[in-house]
Every structure is written in C-alpha cells, then in structure tokens.
Amino acid sequence: ITEQKQAEYEKERSISRLESLTSIFQYPYESLKDFLDYALAEAINLTDSKIGYIYFYDETTRQFKLNTWSNEVMDECQVTEPQTIYQLEKTGIWGEAVRQRKTIMINDFQAPHPHKKGYPEGHVHLEKFLTIPIFSDEEIVAVVGVANKEEDYNHQDELQLTLLMNNVWKVHERRKAIEELSEISERMHHYIASSDIIIMACDMTTPTAELLWSSENAERILGYTFQEMQQPDWWWQQKFSDDVLTLENVAEWDVPGKDNYEQDYQFQHKNGQVIWINERIKLIRNPEGKPVEAICAWADITIRKSIEQDQIRTISRLENLATILQYPYTDMKGLMDFALEKAISMTDSQLGYVFFYDEETEQFTIYSWSEAAMEECRIPNPQMIYQLENTGIWGEAVRQRKPLILNDYQAPH
C-alpha cells in the first residue's frame, strides 16, 4: 500500500498548500515585511522545514537584500553583525539559485560541494537545504530558502514551495500596485485640490451631460458646492457668453475623430463677479465610438484676459497716437477735434470735451465738444468761458491738479 499512502500524503500536502494560500490571502497585514514574514512561516510549515529566509534580488545591481529570516534562525544565529546585503559574486551555494536560475536542492549539506564556500563562525547549522528563485516577467526578484527538514527534500517540496511563493509574490505585486495607485491617487488629489485647474467628469449618455465628479478646488475657485454644480441648469444660468459650445452640442454633432475641444467664455462666480473661463474638453468613447464621458478642465483666465485687453488697448492707443501725430491738420481746432475723437475711442467712452485753461486768469475756454455731446446738449446759449471758482466737480482736476475718476456720477459727491 506504499503507493496508496504516498498518494494520500500528496493529497494532504496539496490540501495543506491550498489552506496556506487561503490563509496568506486572508492575512490582514499592514506592511510588506509583515506579509512576507507570515508567508515564510507558511512555507516552512508546508515543507516540514525548521528555518527559512527570503531575500530580495536586483538583477541590475546583482545584489541580495534580506527581507526576513525565520524566528528560529534569529534564535540560533551567533554571527556577530550579520550582513543584510550581499553581492551575487560573494555568495556561496545559496546564490546558485540565481546563477543557475533554477531550484537548488541539497540533502547532505555537510558533504563537499563545488559551489559551497562555507559559512562564518556562529552561522546556523545546516543539514538539508532547498532554495528557489522567484521570477517576475522573466527577472529574478527574490530567492526563498528553507532548511533542515527531517526527511530529504524532494520534487514535491520544490513544487509546493514554488507554487506557494509564486502565488505569494503575485499577491505582493498586486498589493504593491494597489498601494502605489492609492499613493498616486492621493498625491494627484492633493495636486488638483491645491491647483488652479478644476477637473470635472460629465456623463455624455444623459440628455444634460450630468456632472459625475468634480475636483474639490471648484468651490474655492468658483464658490459653488458640488451639489449646486450638479443642478441641471447650473451651467446655463451662470454662463455669460452666448456663442459657447455646450456638451449637448458636442454629443449632437459628434464629429468622428474629434475628441478635443477648447474655448474661452465668461462665467459668473457665486459672489456675482463675472470671470473668464478657459475650458478644455476631452471625450471618452465606448468601443462603438460613441461619446460616453467628457473630462473637462476649467481654468480661471480672468487675469490673462485682462492683460490681453490691456495689451490691445495699449496697441490701440499707440496706433491712435501715431494717427494723431500723422494727422494733416490745418488749424489747432481741427487737430483737437480729431484728437478728442481718438481719446473717446481709446477709453471706450461716448462723449467728451476739451477746455483750454489759463492759470493766470483761472479761466476755462471751451475748445472742442464731441458730436454726441453737442447733439444731446439742451442748454440754450451754452457758455464758452468758465471761471474756476464757478465750476463743479469737473473743475477738480485743476483744483486738485490730478486726474479725477467718477464711476457713479449720480451718487452724492
């Protein structure tokens, strides 16, 4: 019944391996080392070994870095100041798993072996030894070793250890990837929250392109909460420009191959201020090519627009000045009339005047009124000359000897 007993034993080992894997998968670890410590304990138990280790390995630097030794090793090891980092070329038999890129199994460790280099005084005594390389995308990323099983190690031990640790490594890499993604996500969350770019996601399958998500900096930049932004008519009520491309337009037109849109328009901040928004839209399509989601990036470009408008005004003023200087006038009044028209245009005003002033007589003499002023003026026989003391607010430019600006002329002053 030897074969029967062997089959039963192998069945028990398979069940034990599955139980170990289940236990490892469900282990609530807080760190990679904690997880691999637990996995090593399971590997030692599964192979009926007494001690074991896990070393990380870097193919580029050809360097081993100790991750964990089993507790029994730490109890038995008497080596003073044991190393935790080894170069491949300085390792003995245990480095052969990397050099040969395969399992190394020795059931009489005390017997001579061409690859053995001995071990330092105080090292844990070894009788039997099994070590395997762990691969990830054809690169060795770690080695696992177990030792001192009562019976000889065999192919089943190699298979059990390899299957167990390969699955452990896959769990580790998946967990590591999740943690890295979580860290990246958290970092991006902080970057976006502290940036001046609002990111939004909208559902293009709904009639109103429903807002699915928005970065939390939207409230800081626009003043609106996410709940307010989710209202179907929120965007329509706040936009100040008429010729604006809407997500509904994008969905309706759906130009094949065109997934990126950009536009500038005016928008009302919650505090009532009208700001300029630069909007960039990126369409996400399903396998059939239909837009299913839109990623929108909003930036407040009010300052940029103000600078651009100032630049336009500056250029316009320079052009007007050049025009005035080149004006072929025949008398002073003709020149002043032309200059006044340009001044009105440059300041986006509707009417204007030019008075000459005499410091000695403190007397204003009208020289030019804009045509609009002349058309609107209903004063019969308007004065042409004014004394400074008889003038109202418009004489303050002389009395205070500086420019005067009133943006609410009807208010008391």
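The paragraphs below walk through strands, a helix surface, a buried serine and several salt bridges in a predicted model.

A good place to begin is strand S7, which spans residues 197-203. This strand is mostly covered, with 5 of its 7 residues buried. S7 pairs with two partners that are described here in turn. With strand S11 (residues 291-300), the pairing is antiparallel and runs over 7 bridges. Two positions help to trace this pairing by eye: isoleucine 198 stands opposite tryptophan 298 in S11, and cysteine 202 has alanine 294 of S11 as its bridge partner. With strand S8 (residues 210-214), S7 also runs antiparallel, and here 4 bridges join the strands. Within that pairing, methionine 200 is matched with serine 214 in S8. S7 and S8 make a hairpin that has 6 residues between the strands. In this hairpin, alanine 209 takes a positive phi near 50°.

Strand S11 can be followed onward to strand S10 (residues 274-285), with which S11 pairs in the antiparallel sense over 9 bridges. Isoleucine 277 is a handy landmark for this pairing, as this residue stands opposite aspartate 300 in S11. S10 and S11 likewise form a hairpin, this one with 5 residues between the strands. Glycine 289 sits in the turn and has a positive phi of about 90°. Strand S11 thus has bridges to S7 and to S10.

Attention now moves to helix H5, which covers residues 155-194. On the surface, Leu181, Ile184, Met188 and Tyr191 form a nonpolar patch, and together these residues have about 420 Å² of accessible area. One of them, methionine 188, lies in H5. Methionine 188 counts as partly exposed because its relative accessibility is 41%. Lysine 170 is also found in helix H5. With 53% relative accessibility, lysine 170 counts as exposed. For a reader tracing the fold, a useful distance is that between lysine 170 and phenylalanine 135: the two are 35 residues apart in sequence, and their C-alpha atoms are 10.0 Å apart in space.

A buried position comes into view at serine 368, which belongs to strand S13 (residues 363-369). Serine 368 has a relative accessible area of 3%, so this residue is classed as buried. Its side chain is joined to the side chain of aspartate 337 by a polar contact of 2.4 Å. Leaving aside residues up to four places away in sequence, serine 368 touches Met336, Asp337, Leu340, Gly352, Tyr353 and Val354. Aspartate 337 therefore appears both as the partner in the polar contact and among the residues touched by serine 368.

The last topic is charge pairing. Side chains of opposite charge can pair when their charged atoms come close. In this model the count comes to 19 salt bridges. Among them is the bridge between the side chains of aspartate 157 and lysine 149, at 2.6 Å from N to O. Aspartate 157 and lysine 149 are both buried.

A further salt bridge is formed by glutamate 262 and arginine 280, whose closest N and O atoms are 3.4 Å apart. This pair links distant parts of the chain, with glutamate 262 in strand S9 (residues 260-268) and arginine 280 in strand S10, 18 residues apart. Glutamate 262 counts as exposed, since its relative accessibility is 52%. The pair also leads back to the hairpin described above, in which S10 is joined with S11.

Glutamate 396 and arginine 399 offer another example, with the closest N and O atoms of their salt bridge 2.7 Å apart. Both residues lie in helix H13 (residues 396-399), at a spacing of 3 residues, about one turn of the helix. Glutamate 396 is buried because its relative accessible area is 18%, while arginine 399, at 35%, is partly exposed. Elsewhere, salt bridges that share partners join Asp264, Arg304, Lys305 and Glu308 into one network.

Key:
Residues are numbered from 1 along each chain as its sequence is written. This is a predicted model: local features need pLDDT of at least 70, side-chain atom pairs count only at pLDDT 80 or more; totals for chains, interfaces and linings use all residues. Side-chain values use heavy atoms; hydrogens and water are left out. Patches are made of residues with over 30% relative accessible area and no salt bridge: like charges are joined within 9 Å, nonpolar side chains (Val, Leu, Ile, Met, Phe, Trp, Tyr) within 5 Å. Accessible areas come from the Shrake-Rupley method with a 1.4 Å probe; for residues, only the protein chains shown count as cover. A salt bridge is a side-chain nitrogen of Lys or Arg within 4 Å of a carboxyl oxygen of Asp or Glu. Buried means under 20% relative accessible area, exposed over 50%, partly exposed in between (1.4 Å probe, protein chains only). A polar contact is a pair of N or O atoms within 3.5 Å; within protein, one must be able to donate a hydrogen and the other to accept it, and residues adjacent in sequence count only if both atoms are side-chain atoms. Contact means heavy atoms within 4.5 Å. Two strands pair if DSSP finds at least two bridges between them.
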